[in-house]
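Please open the model in your viewer and follow the stops below, selecting each part as it is named.

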Amino acid sequence: MTKKIEAIIREEKLNDVKDALREIGIIGMNVYEVRGHGRQGGITLAGRIGTYQIDMLPRLQLNIILSDHNVEKTIETIRRAASTGRQGDGVIFIYPVDEVIRIRTGERGKEALTYEGDIDDRQS
Ligand SMILES: Nc1ncnc2c1ncn2[C@@H]1O[C@H](COP(=O)(O)OP(=O)(O)OP(=O)(O)O)[C@@H](O)[C@H]1O
Ligand SMILES: [Mg+2]
């Protein structure tokens with residue numbers, strides 16, 4: 001089974017998270033700039049002209065498609081690297097993925113997901 005991890009993290013944590021993922025052998029990924037809020041609904045800032053509300057805060061979304069059995073290890077790695085302990089550290093969503101096709105070779109599934117030296121290649 002193939003899964004997608006969608007991790008929404010603080011912008012300043014990207015390098016820490018990328019380095020930690022590389023260490024465990026996660027290679028392929030996407031990064032998107034997103035704006036959003038969690039359960040606090042944004043933040044209130046005190047400025048010279050009074051207080052104002054920032055509703056949608058900038059965050060980075062990391063998408064990783066990977067094998068089922070690597071999901072827990074990857075979640076823990078992201079949590080450790082992305083955490084400050086404060087509200088707004090982000091969230092992680094997990095989705096099922098139907099199929100993966102590498103365009104160059106036509107490989108599908110696990111073959112299309114494995115890179116030389118990555119987390120799956122190290123195990124096999
Ligand atoms: N339910 C959700 N669906 C989609 N995106 C979300 C959801 N909750 C949070 N996000 C995204 O994650 C970012 C960070 O959320 P945040 O860390 O504040 O979550 P939280 O649930 O409020 O946790 P905390 O209490 O630690 O702040 C948000 O800015 C938003 O981009
Ligand atoms: Mg929050």
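Begin by selecting Asp 89 together with ligand 1, and bear in mind that this is a predicted model: a backbone N or O atom of Asp 89 lies 3.4 Å from an oxygen atom of the ligand. Taken alone, ligand 1 exposes 610 Å², and the protein buries 70% of that area.

Next select Gly 88, where a polar backbone atom is 2.7 Å from an oxygen atom of ligand 1. Then move to His 37, which also places a backbone N or O atom 3.4 Å from an oxygen atom of the ligand.

Now widen the selection to everything around ligand 1, which gives a shell of 13 residues, the closest being Gly 36, Arg 39, Gln 40, Gly 88 and Gly 90. If you colour this shell by residue character, you should find three nonpolar, seven polar and three charged residues. Switching to a surface view of the protein, look for the largest pocket, since that is the place where ligand 1 sits.

Finally, hide the side chains and show the protein chain as a cartoon, in which four helices and six strands can be picked out. Following the chain along its sequence, you meet these elements in the pattern β-α-β-β-β-β-α-β-α-α.

What does the C-alpha trace span along its principal axes? The trace of the protein chain extends over about 60 × 25 × 20 Å, and its radius of gyration is 17 Å, whereas a compact globule of 124 residues would have a value near 14 Å.

Methods:
Residues numbered from 1 in each chain as written. Chains lettered and ligands numbered in written order. Predicted model: local features only at pLDDT ≥ 70, side-chain atom pairs only at ≥ 80, totals over all residues. Heavy atoms only, no water. Near = heavy atom within 4 Å. Polar contact = N/O pair within 3.5 Å; in protein donor to acceptor, adjacent residues only side chain to side chain. Areas by Shrake-Rupley, 256 points an atom, 1.4 Å probe, with all protein chains shown as cover. 1 Å grid on protein atoms, 1.4 Å probe; cavity = no way out; pocket = protein on both sides within 12 Å on 5 of 7 lines; lining within 4 Å. Sits in = over half its atoms within 2 Å of the grid points. Nonpolar A, V, L, I, M, F, W, Y, C, P; charged D, E, K, R; others polar. Helix = DSSP H or I, 4+ residues; strand = E, 2+ residues; numbered from the N terminus. Rg over C-alpha atoms; globule rule 2.2 N^0.38 Å.
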